[in-house]
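Student: I'd like a close look at one small part of this model. Start there, then work outward to the rest.

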Amino acid sequence: MFKAYINLFFALLLFPVLSTYAQKVTFVNENGEGIRGVLITTDQGQNYLTNPLGVVHLKDNANQYVITHINYDKLILSTTELTPTVVLKEKVNALNEVVIGANKWEEEKKEVPQQIVEFDKKSIELNQPMTSADILSQSGEIFVQKSQLGGGSPMIRGFAANQVLLVVDGVRMNNAIYRNGNLQNIITIDPNTIEKAEVLFGPASVMYGSDALGGVMDFHTIQPQFSENDELLFFGEAKLSGNTAAKERSGYLQINLSKNKWAYFGAVSNTVFDDLSSGKNAPTDAYTFGWKTFTTYQNDHQDFVKANSDIYSQTPSGYQQWNTLQKLAFRPNKHLELMYTFSFSNSSNIPRYDRLTELNDVIQEDGGKVGVTMEEIIGIQNNQLITSSGLTTPKFAEWYYGPQLWMMNNFRMKLKELDGIADGLSIIAGHQKIEESRYQRKFDDKDKLSDQVGLDLFHLNIDANKQLNNEWEIFYGVEGTMNFVASNAHTTNIETGEQKAAIPRYAGGGSEMHTYAAYFTTKKRWTEHLTMTAGLRYSQTLLNADYSDAVSQSLQLPYQDVSQNVGSLTGSLGLAYHSNNGWQLNTQISKGFKAPNIDDVAKVYNPAKDDLVVPNSNLKPTDVYSVDMTIQKSYKNLQFGMTTFYSRLHNAMVRQEGTFNGKDSLIIDGEQYAVLMLQNTGTADIAGISSFAKYQFMQYFELGGNVTYTYGKDLQNNTALRHVPPVFGQTKLAFKKKRWAANAVFDFSGGIAFEDLAPSEKGKPYLYSKNGSLSWWTLGVNSSYRINNYLQVIGGVDNLFDLNYRTYSSGINAPGRNFKLTVKGWF
């Protein structure tokens, strides 16, 4: 497969460009990159525009050429001075930086009161992330947890999973089955197709509704580019990537085909990962945690354990994934643009690596049980693992996610320069289809559980903006979603093939969740330097789960369905001040909410051997009241800043022991289970501080760094919160000169002692060493070189010192020393 990628890549690079034009000229910047939209005017009255590669074919033999572009200095060349490649010098200007995510429309960043971190395509490609989750973690400002290689759950200001919102091209991806635990859905977004991304910190429920408690991850994928005239425009790029830690083999191809009224963009990628290798160096014995000393295999329907021939290989963890993105746009005039988007992602089976490292308790002679983890294994005997406490076996022989499918059909109509009640109007309507499955079988058990979930999500967003005058602007809109969930489960005897119905993850009779909302936000520029933003949103959430099917009835529920109908009013008020001498001061107070979804209210799940999570129809929405303040200063080549934040949660949702039909346990198929359920725990506090500094020196170098500290506590139980990571940050030295770009990155994280972990984390000893979550640091380097306008090479090394470490709450060790290489070409 990798050989086929190579053949395709070089075939595209060597594809002959046939032309009958008299002269081909390429306009590039000082980095060797082609410049799109350069206007060439001749003394013969002809006008030409360069294509996205900076190429133009000049048809006449003029005596003089006037070359202009909004971002580059004007140039006048005679015929003899015109060369096949012309380098333009970038203007030294102060174009205002714009963002999209805060109010869904372009606005100047200095007027946005929220803390925002941005990612552009060049910085993403330089770091060569394996998945979209890695894009966020490589910033050093967002902590990402991984339960397996095919995963990534961002933690933002003490919130994670379904308490942070994932948005792609203006469409929310959070749905009725996004769970309270860790999520890996972000990996369905192809990192190759991301043009820009923004993370908004803090509650953003006014603009985005439920789930936006900790923040919003707003991804913008590549847009089709129209031709500047009626001539057919065709261009594209191809990419081959690989790394050594996971033996990644990745191929990517995109094309753009357009005229001045219609445009098509298409992209496809395939990525293959083998088992991930961890670091080989451990500073102390505690850092050997996670080295895999055993593997399991099956022979003639019998489970066996054996020594792992490579203890640094985290087997099984490999998987592969296909992605495609297709966009078709039509622009009949300057006021209207229509676009259809088709997104599709599908994976192979993805091993749930953390669960495959769990061990059964050691049974003592007196019948007592002792919990053990991998770090206590000292050998293998008679198909059992020898530990310092006695003999045991792995808990699971199999545990993997089935192919994870995400498909979206999306239609967008965008109107601008309107009259009346709106200057701009955006309507997005579409459908998402999600298929998930889980397969697990305990060691020496003949029955394999298959749990399958399908979801159809219909969404509609109508957003408008209106400039009332030079000082006052309003944003308003409505949103609706409809979620339909189907769930079924069965067990299969691996020896006989006999199947039996099992209790599904969600209601066997089907589940529905629908949301309806309206919002209004206003922005007032009180002075040239001071901007106020304020807004309100009302949301209604309706939920129903049907347990009338025969399998669900085995739970002996006191009801046949669970229904909820809850409303939430949220608001925000923010101020942004910027001075002429480089000061920026922002502050915002806001209320966010998280409405219970199907996974929160109506899930049946077995997290541990003797526990069972059951539905809780009394679950209430979580509200969060938050205030934050940011201060920044720009002085010549130096920038620095600090953000402090505080959040008070009401009715926080936490999994705890409960009662079912008045009992604290229930019996299913002769087995007794302790009752757990997601419950509202009262109040919790989250507070923290983040700071950054950047200094540019010697013209080509920039030194920067950031650090984040977060504190969180459940006030009712006086315990730590699960999604609050230890202190973490990054220091980076970057270099950029013409065709070269490079950086050296130092990432670090503090630790959390085992006794200070959240209660839910203490119940997962297989994730942590006996000392808890260990502190760590790592050093990596990245570099890229633009060989010419058509070819670029990107390389790097992560974890240069090959240290063995595991990030907080993760179930798989981080990659060891990892060599990366990408070859990218344009055509």
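Student: Which residue in E4 stands opposite valine 25?

Tutor: Valine 56 in E4 is the residue opposite valine 25. Keep in mind that this is a predicted model.

Start with the pair of strands. E1 covers residues 23–28 and is joined to E4 by four bridges. The two strands run antiparallel. A second facing pair is threonine 26 and valine 55, the latter in E4. So much for the pairing; now the sheet around it. Three strands make up this open sheet, in the order E4-E1-E7, and the pairing is mixed. E4 (55–58) is an edge strand, and so is E7 (85–87). Each of these two pairs on one side only. From one strand to the next, the twist averages 30 degrees.

Look next at which way the E4 side chains point. Val55 and His57 point one way from E4. Val56 and Leu58 point the other way. All four are buried. To tie this back to your question, the E4 partner of valine 25 is Val56, one of the buried residues of that strand.

Compare a second sheet. Here three strands again form an open sheet, with the order E30-E31-E32. Its pairing is antiparallel. E30 and E32 (390–392) are the edge strands, each pairing on one side only. The average twist from strand to strand is 35 degrees. Four bridges connect E30 with E31, in the antiparallel sense. Isoleucine 377 faces threonine 387 of E31 across that pairing.

The loop between these two strands deserves a look. Asparagine 382 lies in the loop between E30 (377–381) and E31 (384–387). Its phi is positive, about 50 degrees, although asparagine 382 is not a glycine. Asparagine 382 has a relative accessibility of 68%, so it counts as exposed; the cut-off for that is over 50%.

Another loop residue has a positive phi. Aspartate 300 sits in the loop between E22 (294–299) and E23 (302–307). The phi of aspartate 300 is near 55 degrees, positive in a residue other than glycine. Aspartate 300 has a relative accessible area of 66% and is therefore exposed.

One more loop has a backbone feature of another kind. The peptide bond from threonine 315 to proline 316 is cis. Its omega is near -5 degrees. Proline 316 is in the loop that runs between E24 (313–314) and E25 (319–333).

Now go back to buried residues. Leucine 166 belongs to strand E14, residues 165–168. Its relative accessibility is 4%, so leucine 166 counts as buried; the limit is under 20%. What does leucine 166 touch, leaving out residues up to four places away in sequence? The list is Val171, Arg172, Met173, Asn174, Tyr178, Ile186, Ile189, Met217 and Phe219. Take Ile186 from that list. Isoleucine 186 is 20 residues from leucine 166 along the chain, and their C-alpha atoms are separated by 7.6 Å.

Serine 250 is a buried residue with a polar side chain contact. Strand E19 (residues 249–258) holds serine 250. The relative accessible area of serine 250 is 5%, so serine 250 is buried. The side chains of serine 250 and threonine 271 are joined by a polar contact of 3.2 Å.

Finally, the whole chain. The protein has seven helices and 58 strands. Its radius of gyration is 28 Å, close to the 28 Å that the globule rule gives for 827 residues, so the protein is as compact as a globular protein of that length. The C-alpha trace spans about 100 × 60 × 50 Å along its principal axes. Of the 827 residues, 55% count as buried. Among contacts with a separation of 6 or more, 67% come from residues 24 or more positions apart. The exposed area is about 35,000 Å², and carbon and sulfur atoms supply 55% of it.

Methods
Residues are numbered from 1 along each chain as its sequence is written. This is a predicted model: local features need pLDDT of at least 70, side-chain atom pairs count only at pLDDT 80 or more; totals for chains, interfaces and linings use all residues. Side-chain values use heavy atoms; hydrogens and water are left out. Two strands pair if DSSP finds at least two bridges between them. Axes are lines fitted to C-alpha atoms, for helices over the stretch in contact, and angles run from 0 to 180 degrees between N-to-C directions. Buried means under 20% relative accessible area, exposed over 50%, partly exposed in between (1.4 Å probe, protein chains only). Contact means heavy atoms within 4.5 Å. The radius of gyration is taken over C-alpha atoms; the globule rule is 2.2 Å times the number of residues to the power 0.38. Accessible areas come from the Shrake-Rupley method with a 1.4 Å probe; for residues, only the protein chains shown count as cover. A polar contact is a pair of N or O atoms within 3.5 Å; within protein, one must be able to donate a hydrogen and the other to accept it, and residues adjacent in sequence count only if both atoms are side-chain atoms.
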